2 protein chains.
Amino acid sequence: MTGIKIDGLSKKFRKKNVLDNISVEFKPNKIYGLLGRNGAGKSTLLNIIANRLYADQGTLTLDDENLVENDSALGKLYLMNDVDMYNKSMRLDKIFEYTEQFYGSFDYEYAEKLAERFKIDTHQKFGKFSTGYHTIAKLIIALCVPADYIFLDEPVLGLDANHRTIFYEELMTTYSERPRTFVVATHLIGEITNILEHVMIVSESKITLDEDVEDILAKSHLIVGPQAETKDYVEGLNIVGKESLGNLQGYYVYGDLNDDKILPDTVQIERVDLQKMFIYLTNQGGENGVNK
Amino acid sequence: MTGIKIDGLSKKFRKKNVLDNISVEFKPNKIYGLLGRNGAGKSTLLNIIANRLYADQGTLTLDDENLVENDSALGKLYLMNDVDMYNKSMRLDKIFEYTEQFYGSFDYEYAEKLAERFKIDTHQKFGKFSTGYHTIAKLIIALCVPADYIFLDEPVLGLDANHRTIFYEELMTTYSERPRTFVVATHLIGEITNILEHVMIVSESKITLDEDVEDILAKSHLIVGPQAETKDYVEGLNIVGKESLGNLQGYYVYGDLNDDKILPDTVQIERVDLQKMFIYLTNQGGENGVNK
């Protein structure tokens with residue numbers, strides 16, 4: 001079990017790089033966060049992994065088997081995203097059966113439990129659900145397929161606060177009961193921070209961060225103090241964000257601190273709120289308007 | 001200018017009440033928040049106001065004119081929601097022109113400025129946008145139509161943190177430059193709290209709260225203290241939420257406090273975080289699975 005390996009992946013749309021020579025791995029039984037601005041290329045990457053789009057260049061393997069146009073490998077992964085694969089007039093419980101046919105099994109018992117928690121009517125036609133319940137319907141399928149790699153592109157789109165909490169709880173529960181890999185792409189970074197074990201950030205067609213959360217934590221610093229002294233101390237460091245509070249200035253630094261410089265008494269190094277760090281790291285760099 | 005008046009509105013789907021005898025008003029030049037759980041009936045209410053659905057009972061007027069099947073009244077309002085009114089192969093800038101034809105004018109200058117801020121390509125076909133940019137495209141149209149009543153159903157669906165901030169800023173700017181009514185239905189309550197002037201909460205097919213934000217603030221209390229004394233003090237009050245911190249218990253109370261009871265020295269009444277109050281008030285009551 002070597003996981004999913006992506007090597008040298010590139011994709012252009014209308015002569016514009018959407019993914020530029022990307023190499024990443026998704027290992028078995030780990031929860032990944034795939035973060036990035038709108039239009040950074042996250043959804044394109046996920047669509048290529050799931051064979052809904054094809055790369056211009058690069059190789060994709062799952063447990064060393066080629067992942068492109070290979071049904072046995074594709075049966076090990078599932079992508080939930082904004083593209084509806086299902087007939088709008090099909091009932092949700094019929095979609096469960098349809099999914100079972102492709103994946104060989106389906107956890108009906110868990111699906112029923114989830115339907116009760118989310119209070120969704122599984123006899124309803126797929127096309128009849130509101131935005132939030134549409135997402136819930138797709139989430140239930142994603143959590144009940146037997147696949148080892150589950151990719152969730154915006155899993156809380158349109159969900160209210162209560163439903164988002166239910167999803168995060170169920171994700172943790174099902175992961176501990178049946179470990180598998182989840183890759184979660186979301187814009188509600190703060191809410192998911194505690195769940196993630198590894199974070200990848202996509203920015204301007206590249207992977208700009210690919211680290212375990214504990215390593216990210218070790219590299220994250222918040223330097224706080226009076227404006228002049230603090231600015232002087234952080235000069236030359238990798239500043240990813242700053243905030244001020246009255247006369248105090250706080251700099252978010254990612255990476256090594258300057259061991260040669262002496263920290264003034266008035267300046268302090270504080271523990272960083274990981275959620276804020278992710279938001280700063282994600283917001284670095286630019287964006288572009290077109291996607292998919 | 002008396003605004004939009006809705007009186008005795010009811011709507012059933014498959015014999016189930018989705019809206020049950022609702023009466024509300026939207027006054028000119030005010031920013032409303034329309035809050036509620038998934039499936040509470042918010043989208044149905046907005047669809048009925050915009051004549052995309054018809055009520056079983058009730059009357060709707062805009063400045064005392066009947067709002068049902070009345071083009072001159074309908075030209076004064078705009079609804080942005082998850083239903084795409086536009087041909088997927090139409091370019092965004094062509095949709096601007098199409099919108100101008102219906103509404104008589106369109107603020108092209110502002111649309112261009114917004115497109116630059118959001119970095120969206122207006123020459124792109126509508127169907128080619130990713131989830132986030134799809135929302136951005138619709139937001140730009142909503143902010144540039146000349147209508148006096150703009151209804152935004154989930155205006156930040158799929159937007160990253162940066163884009164959400166841009167939207168909130170632009171909403172405040174355009175509102176102050178050209179006052180009109182905005183009705184915002186959103187599940188990211190915390191982010192919008194500072195912008196709202198009036199809040200309506202839909203729960204179980206009814207309007208359960210319809211108040212100006214300053215009145216809500218006056219009625220909101222957080223009672224904190226040791227478990228036993230605090231519980232005793234809040235007994236009989238309208239408790240909408242509770243939280244604990246170590247040995248301390250906090251009760252969120254909405255409405256009058258008990259003037260007859262003496263507040264123990266160990267118990268304190270604190271100012272409530274409005275965002276938390278909205279979340280508690282919104283999460284009261286049940287939900288149901290089917291919508292639209």
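Across all chains, the structure holds 22 aromatic pairs. Keep in mind on this tour that you are looking at a predicted model.

**Stop one: two phenylalanines in chain B**

Select Phe26(B) and Phe151(B) and show their side chains. Their rings form an edge-to-face pair, 5.6 Å from centre to centre with 90° between the planes. Now colour by secondary structure: Phe26(B) belongs to strand β2 (residues 16-26) of chain B and Phe151(B) to strand β7 (residues 149-153) of chain B, so this pair ties together parts that lie 125 residues apart in sequence.

Turn on a surface next. Are these two rings buried or exposed? Phe26(B) has a relative accessible area of 0% and is buried. Phe151(B) also counts as buried, at 1% relative accessibility.

**Stop two: two tyrosines in chain B**

Move on to Tyr86(B) and Tyr98(B). This aromatic pair is edge-to-face too, with 6.2 Å centre to centre and 85° between the planes. Tyr86(B) sits in the loop between β6 (77-80) and α3 (92-103) of chain B, while Tyr98(B) is in helix α3 of chain B, so the pair ties together parts that are 12 residues apart in sequence.

Leave the surface on for this one. Tyr86(B) is buried, with a relative accessible area of 11%. Tyr98(B), at 43% relative accessibility, counts as partly exposed, because the partly exposed class runs from 20% to 50%.

**Stop three: a ring cluster in chain A**

Hop over to chain A and select Phe26(A), Tyr32(A) and Phe151(A). Ring pairs link these three residues into a cluster.

**Stop four: where the chains meet**

Zoom out to see both chains. Which residues should you highlight here? Contacts join 33 residues of chain B to 33 residues of chain A. Together the two chains bury about 2,900 Å², 46% of it on carbon and sulfur atoms.

For a close-up, select Arg37(B) and Asp160(A). Their side chains meet in a salt bridge, with 2.7 Å from N to O. How many salt bridges does the rule find across the interface of chain B and chain A? There are four.

Polar contacts are worth displaying as well: 18 residue pairs between chain B and chain A make them, with both partners at pLDDT 80 or more. To see which elements of chain B take part in the interface, select α5 (131-144) and α6 (161-177), the elements that give two or more residues to the side touching chain A. Finally, colour that side of chain B by residue class, and you will find eight nonpolar, 14 polar and 11 charged residues.

Terms used:
Residues numbered from 1 in each chain as written. Chains lettered and ligands numbered in written order. Predicted model: local features only at pLDDT ≥ 70, side-chain atom pairs only at ≥ 80, totals over all residues. Heavy atoms only, no water. Contact = heavy atoms within 4.5 Å. Buried area = accessible area lost by both parts, 1.4 Å probe. Polar contact = N/O pair within 3.5 Å; in protein donor to acceptor, adjacent residues only side chain to side chain. Helix = DSSP H or I, 4+ residues; strand = E, 2+ residues; numbered from the N terminus. Nonpolar A, V, L, I, M, F, W, Y, C, P; charged D, E, K, R; others polar. Phe/Tyr/Trp six-rings, centres within 6.5 Å; stacked < 30°, edge-to-face > 60°. Buried < 20%, exposed > 50% of the residue type's maximum accessible area, 1.4 Å probe, protein only.
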